[in-house]
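Subject: Structure for your review

Dear colleague,

Please find below the structure that I am handing over to you. I would be grateful if you could read the notes that follow alongside it.

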Amino acid sequence: MDSKGSVELQPGEGAPGCPQEGLPCPPDSSELVRECLNQFQLTERQLRQIQARILGSMELALRGEASPVPAVRMLPAYVGSIPHGTEQGDFLVLELGATGASLRVLWVTLTGMEGCQMEPRSQEFLIPQELMLGPGQQLFDFAARCLSEFLDAFPVGNRRLQLGFSFSFPCHQTGLDRSILISWTKGFRCSGVEGQDVVQLLRDAIKRQGAYSVDVVAVVNDTVGTMMGCGPGSAPCEVGLVVDTGTNACYMEEARHVAVLDEDRGRVCVSIEWGSFGDDGVLGPVLTTFDRILDQESLNPGAQRFEKMIGGLYLGELVRQVLAHLAQHGVLFGGRTSPALLSQGGVLLEHVAEMEDPSTGTARVRAILQGLGLSPGAEDAELVQRVCAAVCTRAARLCAAALAAVLTRLQHGREQQTLQIAVATGGQVFERHPRFLSVLRETVKLLAPECDVSFTPSVDGGGRGVAMVTAVAARVAAHRRMLEETLALFRLNHEQLAQVQAQMREAMAQGLRGEASSLRMLPTYVRATPDGSERGDFLALDLGGTNFRVLLVRVAASGVQITSEIYSIPEHVAQGPGEQLFDLIVDCILNFQQKQGLSGQSLPLGFTFSFPCRQVGLDQGILLNWTKGFSASDCEGQDVVGLLRQAIVRKQAVKLNVVAIVNDTVGTMMSCGYEDPRCEVGLIVGTGTNACYMEELQNVAGVAGDVGLMCINMEWGAFGDDGSLGTLTTCFDELVDQASINPGKQRFEKMISGMYLGEIVRHILLHLTSLGVLFRGQKTQRLQTRDIFKTKFLSEIESDSLALRQVRAILEDLGLPLTSDDALMVLEVCQAVSQRAAQLCGAGVAAVVEKIRENRGLDKLTVSVGVDGTLYKLHPHFSGLVAATVRELAPRCVVTFLQSEDGSGKGAALVTAVACRLAQQAPV
Ligand code: G6P
Ligand code: BGC
Ligand code: BGC
């Protein structure tokens, strides 16, 4: 590369002397011919420089860098998914621009069955020259008229048809059906189109035509149609290469490498628009005088320089230029020319292709030249064939250098040393030119030896490919509609959330008054939050969350020290005889005491028991009903502390001094309240969900006294068990509820908490699979397995950093056949389910803090909420959505959410400490 980065000319490279600008013509004709043809010779070194240069421009454009202006455009084509092969239906395709002055309409029927393909019916319409250079509206009206004329032959009636628009010009696409023309190329230069959305122009023209109802659902570049139309039975093509009147290629790039997309997921098709390579002058030294003349005389001088060395619209012209030059220098046709030889477009691609074809005998070549009004001599035919070969070989080799750049880019993008790739080819130059593909293949092998490339001719010129894209677009649009319809059930608006808040307020009031309510509003006998004067060692138990823990909590002036041990409660114990459960609890305590050297000591014990209990005292709690997968027998209706004490006796363990039983919400509030005295609400969003808060004693029916506060365990998990959430629950919630061990119970919990969100997602995935929207409609055994889709998957899948790869990994572990569309949709399902859960939880908190504010007749309330629970803590967006919903529904409350570090065991110990302090202060 020289200092300007242009492709360098080495000694013997290119053509010093004629017809270089300003150089005199040497007398010897064969020398003239040799030097003329030499100009079209490119060395391997020059080809590698062009390859490197194109690769550099591609990566510059992918990064979205604008200076220097990349020589190639790299335009995302919004085609993210390769056809399933299951696409079916009738689709219309309108092709404009691929094959120069003609427009083609196709009716493609996709059968959805691999290898069973119906021949598309098509019709070609020649585009009058004046329409290619006139007002754009006329061109689009012509296209709409052709479409109607084509459809007149079909029994369409008033069927609504879907059309894919293959528009072979550089466009900025902003969606599968929105594409802004950047600039015309090839023989087109209509006014009023550049900068416009060509889909809208076509829709308007079809509407003006008013004959048929046709939906333009997708617009694609012809290279994309070519890639998508990869012949059946071959490996899916990931590069589409067109050499027709113009030339271009597209390929599947990693979406995360396409800066303009801001998408880090999956692959996306990028139309390279390599025709404009060299418009910045980098090809200067290898351009021949013939290239320069051709460019000057073209409709777009200075633009599409690379295309003008390769495209079928220009090969004939280049050959004509050279033949005219040699004829004018007396080297050909006895120095005689003809109008065809001297006029632009006089020599066409088909002439060149046939003349250059080695199997075409010189007689045929001479006949063709005579057809151009020339009288070729005996040797002329052979020289003309050499000129055609020189021009076309250079074109094929330049095309190969560009393709090799794409292959290298694919290696970079996929971090692969070697690459196996299928390239779909399309266009007249491939179809007509006998040697173009073989020269291309050879040169690619030379420039990209580590790539194993198979070339697959695209069937029927990409029409089927465009139909595939249209089918994919239609399928994606239909799937998106079905996905949106399904997820719309989970999208709660402000009114609905305010309704939940109001209903919860009503249920709270009824519960506090001791009336029938789905909210039990259980007094906890915790009257005060810690005041920091508590001291001593306490044992604490924490049952009801993900883990069962035994803790030693040392409360000192310097703070609280916690030592704890996690024990697991097997499902068969949680759902077995109650005695067995409590025996296990005592075994754990004994094990813990032994490990901590506490054996034989009887420390005051606080028991966090995270299930609905009607407390009749601080150390007496009657279990109302199990939740969260627990169902141990002979416990409901029993005093849980009594059950524990009986187990202690059964185990002849030292007499443990059970001082308090608290709910995990209370423990969490107390634990956070120790740090922040404004913490008057406890919230759990873990396996289950619930909240407690400090209520005015006067509002609590059934508890003596009306001064001061008492902590109320709301047991909001049961909110809606009276059917009041019926308008919000979905069929998926019903499925989860019916399959649970407590159908009809804990309905609010089953829409929010960790034990259930994964199951809701699984049922939605099954539903979408049965609609064919996901996993190609294949329901795997595993996806039908209960609890196989863990709620923690939602937190992992929705994490901003690794989403798609994470989704893939998780779903592949579940043995699900996955496309990137699937992964994106699974992500959206998770987002919808967790967002609803967080919003419902936020509506609940808003109800509680507004209650406290109104209790205190405050215009503004500042309060803290102590929170714990795996879902709240681990989900990347849950806590933020809860806080946002509270701000929206309780704007007069300033709410701080404090994540509890030590869990509610510490809280239980503090409640015990307060109880012990009060007991010591109590007058004997
Ligand atoms: C912490 C608390 C437990 C509570 C649990 C809820 O671990 O210490 O008392 O039950 O959170 O969350 P989880 O996700 O474990 O159900
Ligand atoms: C256009 C491309 C098109 C190519 C092949 C070029 O002139 O800019 O969009 O793909 O021709 O038809
Ligand atoms: C229980 C509550 C508990 C919540 C959070 C619910 O299932 O009924 O008592 O606070 O889970 O663990």
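The notes below take the ligands in turn and then the cysteines.

This is a predicted model, in which local features need pLDDT of at least 70 and side-chain atom pairs count only at pLDDT 80 or more, while totals for chains, interfaces and linings use all residues. Residues are numbered from 1 along each chain as its sequence is written, chains are lettered from A and ligands numbered from 1 in the order in which they are written, and side-chain values use heavy atoms, with hydrogens and water left out.

Ligand 1

Around ligand 1 there are 15 residues, the closest being Asp-542, Thr-546, Thr-687, Thr-870 and Ser-904; a residue is counted as near if one of its heavy atoms lies within 4 Å of the molecule. Polar contacts (pairs of N or O atoms within 3.5 Å; within protein, one must be able to donate a hydrogen and the other to accept it, and residues adjacent in sequence count only if both atoms are side-chain atoms) are found at several of its oxygen atoms, among them one at 2.5 Å from a polar side-chain atom of Thr-687. The side chain of Ser-904 places an N or O atom 2.5 Å from an oxygen atom of ligand 1, and that of Asp-664 does so at 2.8 Å. On its own, ligand 1 exposes 370 Å², of which the protein buries 90% (Shrake-Rupley method, 1.4 Å probe; for residues, only the protein chains shown count as cover). The shell consists of one nonpolar, ten polar and four charged residues, where Ala, Val, Leu, Ile, Met, Phe, Trp, Tyr, Cys and Pro count as nonpolar, Asp, Glu, Lys and Arg as charged, and the others, Gly among them, as polar.

Ligand 2

The shell of ligand 2 holds 15 residues, with Thr-185, Asn-221, Asp-222, Glu-273 and Glu-307 nearest. Oxygen atoms of this ligand lie 2.5 Å from a polar side-chain atom of Asp-222, 2.7 Å from one of Asn-221 and 3.1 Å from one of Asn-248. The protein covers 100% of the 310 Å² of accessible area that ligand 2 has alone. Helix 6 (222-228) and strand 10 (247-254) each contribute at least two residues to this shell; helices (H or I, at least four residues) and strands (E, at least two) are DSSP runs, numbered from the N terminus. Its residues comprise three nonpolar, eight polar and four charged.

Ligand 3

Ligand 3 is surrounded by 15 residues, of which Thr-627, Lys-628, Asp-664, Glu-715 and Glu-749 are the closest. An N or O atom in the side chain of Asp-664 is 2.5 Å from an oxygen atom of ligand 3; the corresponding distances are 2.6 Å for Glu-749 and 2.7 Å for Thr-627. Of the 310 Å² accessible on ligand 3 by itself, 99% is covered by the protein. Helix 20 (664-673) and strand 23 (689-696) are the elements that supply two or more residues to its shell. By class, that shell has three nonpolar, eight polar and four charged residues.

Asp-664 thus appears in polar contacts with ligand 1 and with ligand 3.

Cysteines

The structure contains zero disulfides (pairs of cysteine sulfur atoms within 2.5 Å). For Cys-171, the nearest cysteine sulfur belongs to Cys-190, 13 Å away. Cys-171 counts as buried because its relative accessibility is 8% (buried is under 20%, exposed over 50%, partly exposed in between; 1.4 Å probe, protein chains only). Cys-672 is likewise in no disulfide, the nearest cysteine sulfur being that of Cys-679 at 5.0 Å. With 4% relative accessibility, Cys-672 also counts as buried.

Yours sincerely
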